[in-house]
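Visitor: May I request a close look at one small element of this model, and then a connected account of the rest?

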Amino acid sequence: MPFDVYLNVAVGGLLTGLVYGLMALGLSVIFGVVRVVNFAHGEMMTVAMYIAIVLFSALHLDPLIMLVPISVVLFCFGYALQAGVINPFITRPEHSQFLLLVAIAIIIINVLLIIFGPDAQSVQTSYSYDSFQVGKLIVDATKLYAAAAALAVAVALYGFFQFTAIGTAIRACADNYTGALVVGLDVKHLYALTFGLGSACVGAAGVMLVLIVDVTPSLGPAYTLLAFVIVITGGLGSMPGALLGGVLIGLTEAMAGLIFTPSAKSMFAFAILVLVLLFRPQGIMGKKAA
Amino acid sequence: MSALLKVEGISKRFRGLLAVDRLSFDVPEGGIFAVIGPNGAGKTTLFNMIAGVYLPDNGTISFAGERIDGLSSDRICQRGIGRTFQIVRPFPALSVEDNVIVGALMRRHDVLEARAHAHEVLRRLDLYDKRAQRASSLTLPDRKRLEVARSLATDPKLLLLDEVMAGLRPTETDRIVSILKELNRDGLTILLIEHVMRAVMALAGRTLVLHHGASIAEGAPADVVRDPAVIDSYLGAEDI
Amino acid sequence: MFSRLFENVSRRALVLLGALLIGLFGAPLVASDYLLTVLILILYFAYIGQAWNIMMGFAGQLSLGHALYVGLGAYTAAALYVHFGIGPWIGLLVAVPVAGLAGAFIGYLAFRFKVGGVYFAILTIAVAEFARVGFDHLTWTKGSSGLFLPVAQYTRNDLWLLRGQPVMFYYILLVAAALAFVFCRALLQSRIGYFWLAIREDEEAARSAGIDTFRYKMIAVVISSAMTSFAGVIYAFYYNNLFPEQVFHISRSIEIILGPIVGGVGTLFGPIIGAFLLTGMSETLIAALHALGIDIPGAKQVFYGFCLLLVIAALPDGIWPWLSRRIGLSEREK
């Protein structure tokens with residue numbers, strides 16, 4: 001195969017990887033603060049994807065325009081979920097939390113199945129088949145837009161955590177739960193806020209992925225797993241790590257799909273995960289636990 | 001009396017901080033040895049190095065004539081060193097009896113035999129009547145004694161006690177002191193790390209004062225508390 | 001070790017256990033074909049739940065990838081049968097070590113490199129998913145197009161080759177589930193059982209009580225994975241077809257662990273009660289929706305999800321700890 005094929009696939013994988021990274025960022029933020037592993041992460045993303053599809057097919061609203069409104073919807077969903085259902089579980093053992101989120105995932109998948117049926121759906125925008133050409137490099141317009149939007153959302157989130165009072169309060173909660181209680185922070189509210197933000201991230205990622213992949217209700221678990229792989233690879237709790245992990249996994253999957261066979265590509269992602277767990281368990285960008 | 005535990009020139013550094021600085025001392029067989037010092041003096045770091053949680057950066061630790069530094073904490077327990085935790089860590093969901101049976105099973109393969117031994121230990125520590133309770137339901141003084149019991153059940157030659165009196169009322173302290181004295185009379189060597197001077201004065205045959213990771217005084221407790229360097233290091237930090 | 005099996009067991013518990021066993025033993029005499037298949041599923045999940053519980057409920061190591069061991073057991077025995085005509089019981093002698101080795105591999109990597117908690121759980125998922133995709137591309141086992149065992153209409157039951165009617169599988173699984181129960185009780189009462197509980201409760205404190213935690217965690221993983229592979233062998237010969245997409249899928253792993261969690265993690269009755277309740281609930285929902293004329297794919301699972309939510313919210317420790325208090329069996333269960 002000529003070199004430019006590799007280059008094109010690599011760039012495509014890198015751009016998709018940024019969107020993966022944003023999805024994983026949501027998981028990382030939730031775990032980093034609330035200490036709950038969101039086993040319904042991919043399922044929440046499919047919710048956002050279907051909202052985008054409905055808005056597009058019924059009202060012809062472009063997903064990229066609907067990015068912010070759909071993220072807001074997902075934020076509310078996440079906030080309500082944490083405040084109403086998950087908060088009582090934060091002191092329970094891991095397997096108990098796991099069961100709770102699995103139950104939520106089962107409900108989401110099957111409600112989507114009832115409403116939309118099992119067939120794959122997709123969004124065909126006016127720019128779906130556009131591409132940009134730079135020399136021999138050909139880049140899909142959808143992937144480029146999606147990746148740019150993912151970066152923008154990630155930067156906004158980073159700014160929120162670093163420079164706003166609420167963001168600082170949330171980071172305080174993550175560092176020291178008891179301390180946060182002592183100084184009078186409303187931890188439950190902050191947790192719900194965090195879960196909402198994580199959901200908004202995965203919602204935004206979902207809206208952009210709609211441009212790239214076909215959607216079925218059963219898509220969730222695979223993306224939940226993908227998010228785990230990325231977050232652990234990049235370093236749980238590290239925001240740049242999640243993006244870097246996303247790019248790394250996106251690139252690996254794309255190259256493995258090209259060199260071997262597309263159906264085996266996730267094997268390579270899991271192999272990377274295992275290697276990272278063994279040799280750098282804190283992840284590429286993670287801080288070493290004392 | 002020969003030295004049961006011999007600590008020679010050990011140091012431990014955490015990032016920039018020198019927690020323990022070239023410390024040496026001997027714990028004689030059959031004695032009660034106390035290490036005291038203000039908060040942050042490196043007492044718990046020292047303790048964790050002996051118990052196998054941390055590896056010393058330099059120096060050696062020998063027990064009954066053999067090097068033990070670098071061994072894992074389970075091996076060190078198997079050699080005959082029992083320990084308690086500063087913040088008590090009994091197995092919360094298990095009964096008091098089962099907590100002690102776990103310790104007793106280290107040197108016993110038969111559960112019935114271990115249970116008999118556990119009962120014996122529980123009686124010594126006044127916990128026999130509470131043996132069916134869940135460990136998590138015990139009061140703090142009871143939990144502290146349960147830690148001692150679990151560790152004693154492993155038949156140690158040396159018992160490491162990490163602030164086992166902290167947070168106890170004077171009457172409870174006296175109770176533990178008398179139990180420890182009795183255990184010592186039966187041949188158990190004890191290394192105490194302690195804040196509560198009342199207990200140290202009552203128990204220890206020899207005391208070492210740690211300050212900024214180094215020894216500033218060593219001797220009989222009554223002499224040590226009159227040492228000007230000791231008074232200086234404690235001044236303002238806490239009352240003796 | 002077995003002489004103390006009945007120690008501390010109340011009369012009431014023995015009577016209940018006896019009644020359950022007799023009831024299950026006689027069930028095929030009265031049960032319809034449909035009910036029998038449901039009971040087979042229940043026993044299957046009760047058995048695997050018991051095996052999973054050794055790792056999580058006793059030793060405190062959360063595995064979310066037990067489908068790996070089911071799949072390895074199933075594929076090993078089925079492939080040996082299809083390719084070489086080797087019967088399932090001989091195949092079991094290969095399947096058990098294969099699954100045990102896989103468990104030892106995961107355990108060794110995780111425990112040596114100190115991968116714990118959530119990370120350990122995700123490692124188990126990752127290895128199972130790796131196997132799923134790997135088997136999809138393994139031509140020796142026919143990849144994603146599926147491995148099929150030859151099937152015929154059986155008039156008699158061949159216990160040696162496991163070719164026969166569902167009732168045969170029912171009794172095999174009943175014996176397996178009963179043996180697993182007894183085995184787990186014996187384990188809990190033994191030295192190793194005490195060490196496992198200590199590790200589950202507080203690993204560092206366990207180590208300082210002289211327990212070689214690495215060794216005992218390894219033993220738990222190997223026993224659990226080896227036991228689980230037996231269920232895989234039965235699965236292969238009962239269903240007669242294997243698809244990587246089905247046997248290794250994460251949803252299989254989740255199914256396996258729902259029962260013991262709902263029933264009560266770490267209890268001996270938990271996996272059994274959980275299997276009865278969840279499989280029963282699922283089948284009842286199908287029947288109820290059918291009776292109501294609701295035929296929407298997904299409707300059953302939505303109800304199922306809500307029932308799970310309710311159970312976990314109402315009974316955090318699972319059903320058995322609550323139930324045993326209600327029926328006056330305050331056994332010294334852990």
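Guide: Strand β1 (residues 131–134) of chain A pairs with strand β2 (residues 137–140) of chain A in the antiparallel sense, over 4 bridges. Helices (H or I, at least four residues) and strands (E, at least two) are DSSP runs numbered from the N terminus, and two strands pair if DSSP finds at least two bridges between them. The bridge partner of A:V134 in β2(A) is A:L137. The two strands, β1(A) and β2(A), form a hairpin with 2 residues between them, and A:G135 in the turn has a positive phi of about 60°.

This is a predicted model, in which local features need pLDDT of at least 70 and side-chain atom pairs count only at pLDDT 80 or more, while totals for chains, interfaces and linings use all residues. Residues are numbered from 1 along each chain as its sequence is written, and chains are lettered from A and ligands numbered from 1 in the order in which they are written.

Chain B offers a second hairpin. Its strands β9(B) and β10(B) run antiparallel and are joined by 5 bridges. In β10(B), B:S215 is the bridge partner of B:L210. This hairpin has 2 residues between the strands, and B:H212 takes a positive phi near 50°.

On its other side, strand β9 (residues 206–211) of chain B pairs with strand β3 (residues 32–36) of chain B in the parallel sense, over 4 bridges. The wider setting is an open sheet of 6 strands with mixed pairing, in the order β6-β7-β8-β3-β9-β10 (chain B). Its edge strands, β6 (81–83) and β10 (214–219) of chain B, each pair on one side only. Neighbouring strands of the sheet are turned by 20° against each other on average, direction ignored. Within the parallel pair, B:I36 stands opposite B:V209 in β9(B). Helix α1 (residues 43–50) of chain B packs on the sheet, touching β3, β7 (158–162), β8 (189–193) and β9 of chain B, and its direction makes about 150° with that of β7(B). Such angles run from 0 to 180 degrees between N-to-C directions, and axes are lines fitted to C-alpha atoms, for helices over the stretch in contact.

Chain B as a whole contains 9 helices and 10 strands. Its C-alpha atoms fill a box of roughly 50 × 40 × 35 Å along the principal axes. A compact globule of 240 residues would have a radius of gyration near 18 Å, and the 17 Å of chain B agrees; the radius is taken over C-alpha atoms, and the globule rule is 2.2 Å times the number of residues to the power 0.38. Chain B averages a pLDDT of 89, with 97% of the residues scoring at least 70; pLDDT is the predictor's confidence in each residue, from 0 to 100. Confidence in chain B is highest in α3(B), at 96, and lowest in helix α9 (residues 228–234) of chain B, at a mean of 77.

Chain C shows helix packing. Helix α2 (residues 33–58) of chain C and helix α11 (residues 250–263) of chain C pack at an angle of about 75°, with their axes 8 Å apart. These helices, α2(C) and α11(C), are therefore roughly perpendicular to each other; angles under 35 degrees count as roughly parallel, over 145 as roughly antiparallel, 65 to 115 as roughly perpendicular and the rest as oblique. Their contact has 6 nonpolar, 4 polar and no charged residues. Here Ala, Val, Leu, Ile, Met, Phe, Trp, Tyr, Cys and Pro count as nonpolar, Asp, Glu, Lys and Arg as charged, and the others, Gly among them, as polar.

Finally, the chains meet one another. Two residues are in contact if their C-beta atoms, placed from the backbone, lie within 7 Å. Of the 2 pairs of chains in contact, chains A and C share the most contacts. In that pair, 30 residues of chain A are in contact with 37 residues of chain C. The side of chain A that touches chain C draws its largest share, 13 residues, from α4(A); by class it divides into 23 nonpolar, 5 polar and 2 charged residues. Between chains B and C, 22 residues of chain B are in contact with 18 residues of chain C. Two elements, α2 (73–79) and α3 (96–104) of chain B, give two or more residues to the side of chain B that touches chain C. Chain A and chain B do not touch, and their nearest C-alpha atoms are 10 Å apart.
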